[in-house]
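Reader: I should like to learn how such a model is read, feature by feature. Could we begin with the packing of nonpolar side chains?

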Amino acid sequence: TQLVAPFDGTILQTNAEAGDQITASSPILTIANLNNLQVVASVDETTIRQVESGQPASITFDAFPGQTFRGQVLSVPLQGALQGGVMVYEVPISLEGAEKLSLLVGMTANAEIQTGQATDVLLVPTIALQNIGGLTQVLVPNTADPTGASVSVPVETGLSNGTYTEIIKGLNPGDQVVI
């Protein structure tokens, strides 16, 4: 029998040999297009809603330290898979500028997807934020009584990278927060 692939590619693995019994669902071989490499990023359910097709990504490889490559989200899957008790979505990301690297299928890649961007904004350490009763607030030093208890100030937040969070309303540049 002659097998015809739907695209040009390289055979990575063969799972059957002449004379083997196979069924319609038996994998016979694995083929890949090594001219159009992609990174598949595992995104957990807490952040998948922020990911959209077309968003830019920065990609690094453990095997090539110090080198960063560009890419963009190609699609967002509608279904995930349970991994270690967490729903994880496999997000394909294009890979640009790595043509000269000797990349192998299955190498470890790290992808950082840019889900938003803000410039010239007020940031506070995310650890300083408190959510109480559905409201976000920070503690600031008590200016009336420096030795007294800190004062809660409600704030409106914007983008966050996990380490720092944008403050849209409630604080001014130079304000101190208590962590």
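Author: In soluble globular proteins, nonpolar side chains tend to be buried together. In this predicted model, Ile93 is a useful place to start. Leaving out residues up to four places away in sequence, Ile93 touches Gln38, Val39, Ala41, Ala57, Ile59, Gly71, Gln72, Val73, Leu74, Ala111 and Ile113.

Reader: Which residues touch the most other members of the largest nonpolar core?

Author: They are Phe61 and Ile93, in a core of 19 residues. Strand S3 (38–44), strand S4 (56–61), strand S5 (64–72) and strand S7 (86–94) are the elements that each give two or more residues to this core. A second, separate core has eight residues, among them Val124, Leu129, Val153 and Val155.

Reader: How are the strands of a sheet to be read, and what is the order of the open sheet that contains S4?

Author: Strands of a sheet pair through backbone hydrogen bonds, either parallel or antiparallel. Here three strands form an open sheet in the order S5-S4-S8, and the pairing is antiparallel. S5 and S8 are the edge strands; each has a single partner strand, so one side of each has no neighbour in the sheet. From one strand to the next, the twist averages 25°.

Reader: How many bridges join S4 to S8, and which residue in S8 stands opposite Ser58?

Author: Five bridges join these two antiparallel strands. The residue opposite Ser58 is Glu112 in S8.

Reader: What is the strand order of the other open sheet, the one that contains S14?

Author: The order is S9-S14-S13, an open sheet of three strands with antiparallel pairing. S9 and strand S13 (156–160) stand at its edges with a single partner strand each, so one side of each is left without a neighbour in the sheet. Direction ignored, neighbouring strands of this sheet are turned by 45° against each other on average.

Reader: What are the details of the pairing between S9 and S14?

Author: S9 runs antiparallel to strand S14 (residues 164–169), and four bridges join the two. Within this part of the model, Leu123 stands opposite Glu166 in S14.

Reader: And how many bridges link S13 and S14?

Author: Three bridges pair S13 with S14, again in the antiparallel sense. Thr157 is placed opposite Ile167 in S14. The two strands form a hairpin with three residues between them, and Gly162 in the turn has a positive phi of about 95°.

Reader: Which residue other than glycine has a positive phi, and where does that residue lie?

Author: One such residue is Asp120, with phi near 55°. Asp120 lies in the loop between strand S8 (109–113) and S9. Its relative accessible area is 82%, so Asp120 is classed as exposed.

Reader: Is Ala128, also a loop residue, buried or exposed?

Author: Ala128 counts as buried because its relative accessibility is 2%. Its loop runs between strand S9 (122–125) and strand S10 (130–132). Neighbours within four places in sequence set aside, Ala128 is in contact with Gln137, Val138, Val177, Val178 and Ile179. Ala128 and Lys169 are separated by 41 residues in sequence and by 15 Å in space, C-alpha to C-alpha.

Reader: How should one treat a polar side chain such as that of Thr136, and with which side chain does it make a polar contact?

Author: One may begin with burial: at a relative accessible area of 18%, Thr136 is buried, because the class covers values under 20%. Thr136 is found in strand S11 (residues 135–140). The side chains of Thr136 and Asn131 are joined by a polar contact of 2.7 Å. Beyond residues up to four places away in sequence, Thr136 touches Leu129, Gln130, Asn131, Val153, Pro154, Val155 and Thr157.

Reader: Finally, how are charged pairs read, and how many salt bridges does the structure hold?

Author: Side chains of opposite charge can pair when their charged atoms come close. The structure holds one salt bridge. In it the side chains of Arg70 and Glu96 meet at 3.6 Å, N to O. Arg70 lies in strand S5 and Glu96 in the loop between S7 and S8, so the pair ties together parts that are 26 residues apart in sequence.

Reader: What is the relative accessibility of Arg70, and what is the relative accessible area of Glu96?

Author: Arg70 counts as exposed, at 59% relative accessibility. Glu96, with a relative accessible area of 33%, is partly exposed.

Definitions and conventions:
Residues numbered from 1 in each chain as written. Predicted model: local features only at pLDDT ≥ 70, side-chain atom pairs only at ≥ 80, totals over all residues. Heavy atoms only, no water. Buried < 20%, exposed > 50% of the residue type's maximum accessible area, 1.4 Å probe, protein only. Contact = heavy atoms within 4.5 Å. Pairing = 2+ DSSP bridges. Axes fitted to C-alpha atoms, helices over the stretch in contact; angles between N-to-C directions. Core = buried A, V, L, I, M, F, W, Y, C linked by side-chain atoms within 4.5 Å. Polar contact = N/O pair within 3.5 Å; in protein donor to acceptor, adjacent residues only side chain to side chain. Salt bridge = Lys/Arg side-chain N within 4 Å of Asp/Glu carboxyl O.
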